[in-house]
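Biologist: Please go through some labels that get attached to a structure, and say what each one rests on.

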Amino acid sequence: MPTRPQGTVTRGTTNPNRLRRMDRWIAATHGAELRRAADPLAVDLGYGAAPWTAVELLQRLRTAAPRTRVVGVEIDPARVAAARPYERAGLVFRHGGFEVPVPGAPTLIRAANVLRQYDEDEVTAAWDRLRARLAPATATSRGGLLVEGTCDEIGRRHVWVALGPEGPRTVTFAARLGSLDRPSDLAERLPKALIHRNVPGEPVHAFLRDFDRAWATAAPYASYGARQRWMRAVRAVSTDWPVRDGAARWRQGEVTVAWEALAPRG
């Protein structure tokens, strides 16, 4: 008897290029793991009412790892049926949920805008189920990667958590810099694990506060463009917070911070 899919149907909102910032980050930071994998399999979990994000994920990952295959997984059977005409070499669609109904262990699972509708106390269990499906770490690999986060409707603002088989690793903030008045504008896109923690006394609130202060101090650099101001602010905030990337990613309107520095208290 088939296993009942785990999870609930999302709103299904999707747009072309909505996840481009997340995809490019994955290709840049996880591309080496995909290239090393014997069978580089990526899962687009909860791709929504149209298959655009899965199609684009395949295109972008193959720039970094040409052998990558993508499976789009949706809990709504009608969405799977609607996506089937878009199947091609390296891209298929399957009915399922958090159990991730694919053979083998994926090198990547991307779950964008999926947990937004869940309660905060449901997040850890969902993470655990998904992490258990990742390719395990070995002597030569850190294992698969789960990328879970939230973005706005047209992909200008993102925040995501990257998790390995061992647990959460980092939090990445990414934006079209021209759309920001201040870094804390990204707070509305915090993933479910953090969005209710943006209050005094919680680390993510303190980080965004310090980032706003650094942004204000970097105001003179705005005459050189928002990118230069962002990079100056990130460099300043990195003196007090464990920033895990460098200028090459900052230029893309990103900053990645160690999870343990932003993790909810208690």
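**Labels and their reasons**

Modeller: This is a predicted model. Pro106 is a place to start, and this residue sits in the loop between strand 3 (91–95) and strand 4 (108–112).

Biologist: Why is Pro106 called buried?

Modeller: Its relative accessible area is 0%. Buried means under 20%, so Pro106 is buried.

Biologist: Which residues are in contact with Pro106, leaving aside its neighbours within four places in sequence?

Modeller: Pro106 is in contact with Leu41, Val43, Val100, Arg133, Leu134, Ala135 and Gly144. As for Leu146, 40 residues from Pro106 along the chain, the C-alpha atoms of the two are separated by 9.3 Å.

Biologist: Val100 is in that list. Where is Val100, and how do you know whether to call it buried or exposed?

Modeller: Val100 is also in the loop between strand 3 and strand 4. Its relative accessibility is 1%. The limit for buried is under 20%, so Val100 counts as buried.

Biologist: What makes the phi of Val100 worth a remark?

Modeller: Most residues other than glycine have a negative phi. Val100 is not a glycine, yet its phi is positive, about 50°. Asn113, in the loop between strand 4 and helix 4, is another non-glycine with a positive phi, about 60°.

Biologist: How do you know whether His30 is buried or exposed?

Modeller: His30 is in helix 1 (residues 20–36) and has a relative accessible area of 3%. That is under 20%, so His30 is buried. Not counting residues up to four places away in sequence, His30 touches Trp25, Thr107, Leu108, Gly143, Gly144 and Leu145.

Biologist: Helix 1 packs with helix 2 (residues 52–64). Why are helix 1 and helix 2 called oblique to each other?

Modeller: Their angle is about 45°, with the axes 8 Å apart. Under 35 degrees would count as roughly parallel, and roughly perpendicular runs from 65 to 115. An angle of about 45° fits neither, so helix 1 and helix 2 are oblique. Their crossing is right-handed.

Biologist: Which residues make the contact of helix 1 with helix 2?

Modeller: Helix 1 gives Arg20, Asp23, Ile26, Ala27, Gly31, Leu34 and Arg35, and helix 2 gives Glu56, Leu57, Arg60, Leu61 and Ala64. By class there are six nonpolar, one polar and five charged residues.

Biologist: What makes helix 6 (residues 203–217) oblique to helix 7 (residues 226–237)?

Modeller: The angle is about 125°, and the axes are 8 Å apart. Roughly perpendicular ends at 115 degrees and roughly antiparallel is over 145. About 125° falls in between, so helix 6 is oblique to helix 7. Helix 6 passes helix 7 in a right-handed crossing. The residues in contact include Phe207, Phe211 and Trp215 of helix 6 and Trp230 and Val234 of helix 7. By class, this contact has eleven nonpolar, no polar and two charged residues.

Biologist: Which residues of helix 4 (residues 123–131) are buried, and how do you know that they are on the same side?

Modeller: The buried residues of helix 4 are Val123, Ala126, Trp127, Leu130 and Arg131. They cover an arc of only 130° around the axis, so they lie on the same side of helix 4. An α-helix has 3.6 residues a turn, so residues three or four places apart point the same way.

Technical notes
Residues numbered from 1 in each chain as written. Predicted model: local features only at pLDDT ≥ 70, side-chain atom pairs only at ≥ 80, totals over all residues. Heavy atoms only, no water. Buried < 20%, exposed > 50% of the residue type's maximum accessible area, 1.4 Å probe, protein only. Helix = DSSP H or I, 4+ residues; strand = E, 2+ residues; numbered from the N terminus. Arc of directions from axis to C-beta. Contact = heavy atoms within 4.5 Å. Axes fitted to C-alpha atoms, helices over the stretch in contact; angles between N-to-C directions. Left-handed = near helix turned anticlockwise from the far one by under 90°. Nonpolar A, V, L, I, M, F, W, Y, C, P; charged D, E, K, R; others polar.
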